[in-house]
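Open the model in your viewer and keep the selection tool at hand. This tour goes from stop to stop, saying what to select and what is there.

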Amino acid sequence: MSAKNYSRRALSGIEMPSQAVFIEELRRRGQELEDVTDEEHERRMTELSKCASDPVYFICTYCYTHDPRDLSKPYIPFVLYPRQKELVLWLLERVQTQTAGVVEKSKDTGVSWILSAFLFWMWLFVLGFAGGVGSRKLEYVDQRGDPKTI
């Protein structure tokens, strides 16, 4: 994948899966967690290795998100769209090549959630990792109770 900046246009047009897709994904994840928990030590270590080597797999298998505007669905499986998967791999490439990058985003494209999940993955699997998130405006950072902030 070439190093490129993600623009609003590049991430727009994302279609939301139906509620049935989310429910089925919750069932699949629950079964997978049960299987992993009940399997012998070698199976668990293999699963851990898969998670450590592939942030897309980790996010799509173990991460959840939520929409603060819809409190009826407190936990939504984090199902990455193809373009969002590309963003995760682009972020990983930035880390591996130690190169900077800028992600321009529009609202409701999942970029903040993706970045949070990616940083969480880095924190879990990269020894000594430290990271941070910023915003172009101070009022968009860390305002408790305001869903528009990071």
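The stops below start with the whole chain and then turn to single residues and pairs.

**The whole chain**

Colour the chain by secondary structure. This is a predicted model, and its secondary structure comes to six helices and two strands. Starting at the N terminus, the elements follow the order α-α-α-α-β-β-α-α. Now colour by accessibility: of the 150 residues, 27% count as buried.

**Helix α2**

Select residues 19-38, which make up helix α2. Within helix α2, pick F22. F22 has a relative accessibility of 8% and counts as buried. Add I76 to the selection: F22 and I76 are 54 residues apart in sequence, yet their C-alpha atoms are 6.7 Å apart in space.

Next, select E25 and R29. Both residues sit in helix α2, four residues apart, which is about one turn of the helix. They form a salt bridge in which the closest N and O atoms are 2.9 Å apart. Side chains of opposite charge can pair in this way when their charged atoms come close. Are these two residues, E25 and R29, buried or exposed? E25 is buried at a relative accessible area of 14%, and R29 is buried too, at 0%. Add R28, and you have a network of salt bridges that links E25, R28 and R29.

Keep R29 and show Y64 as well. R29 lies over the face of Y64, 4.9 Å from the ring centre.

Stay with Y64 and add L26 and Y75. L26, Y64 and Y75 make a nonpolar surface patch of about 320 Å². L26 belongs to helix α2 and is partly exposed, with a relative accessible area of 35%.

**Helix α5 and the loop after it**

The structure holds six salt bridges, and two more of them can be selected here. Pick R83 and E86, whose side chains meet in a salt bridge of 2.4 Å, N to O. About one helical turn separates R83 and E86, because they are three residues apart in helix α5. E86 is partly exposed, with a relative accessible area of 28%; R83 is partly exposed as well, at 22%.

Then select E93 and R94. Their closest N and O atoms are 3.1 Å apart, forming a salt bridge. Both E93 and R94 are buried.

Move on to Q98, in the loop between α5 (82-97) and α6. What is the phi of Q98? Phi of Q98 is near 55°, a positive value in a residue other than glycine. Most residues other than glycine have a negative phi. Q98 counts as exposed, at 74% relative accessibility.

**The aromatic rings**

Show the side chains of F58, Y62, F118, F120, W121, W123 and F125, which form one aromatic cluster. The structure holds six aromatic pairs. A pair of aromatic rings is described by the distance of the centres and the angle of the planes.

Select F58 and F120 to look at one pair. The rings of F58 and F120 are tilted, at 5.8 Å centre to centre and 45° between the planes. This pair links distant parts of the chain: F58 is in helix α4 (residues 55-62) and F120 in helix α6 (residues 111-125), 62 residues apart. F58 is buried at 6% relative accessibility, whereas F120 is partly exposed at 37%.

Now swap F120 for F125. F58 and F125 form an edge-to-face pair, 5.7 Å centre to centre and with 85° between the planes. F58 lies in helix α4 and F125 in helix α6, so this pair ties together parts that are 67 residues apart in sequence. F125 is partly exposed, with a relative accessible area of 24%.

**The cysteines**

End by selecting C51, C60 and C63 and showing their sulfur atoms. How many disulfides are there? The count is zero. Two sulfur atoms must lie within 2.5 Å to count as a disulfide. For C51, the closest cysteine sulfur is that of C63, at 8.9 Å, too far for a bond. For C63, the closest cysteine sulfur is in C60, and at 8.7 Å that is also too far. C51 is buried, at 5% relative accessibility, and C63 is buried at 7%.

Definitions and conventions. Residues are numbered from 1 along each chain as its sequence is written. This is a predicted model: local features need pLDDT of at least 70, side-chain atom pairs count only at pLDDT 80 or more; totals for chains, interfaces and linings use all residues. Side-chain values use heavy atoms; hydrogens and water are left out. Buried means under 20% relative accessible area, exposed over 50%, partly exposed in between (1.4 Å probe, protein chains only). Patches are made of residues with over 30% relative accessible area and no salt bridge: like charges are joined within 9 Å, nonpolar side chains (Val, Leu, Ile, Met, Phe, Trp, Tyr) within 5 Å. Accessible areas come from the Shrake-Rupley method with a 1.4 Å probe; for residues, only the protein chains shown count as cover. A salt bridge is a side-chain nitrogen of Lys or Arg within 4 Å of a carboxyl oxygen of Asp or Glu. Rings of Phe, Tyr and Trp (its six-membered ring) pair if their centres lie within 6.5 Å; planes under 30 degrees apart count as stacked, over 60 as edge-to-face and the rest as tilted. A charge sits over a ring if NZ of Lys or CZ of Arg is within 6 Å of the ring centre and within 35 degrees of the ring normal.
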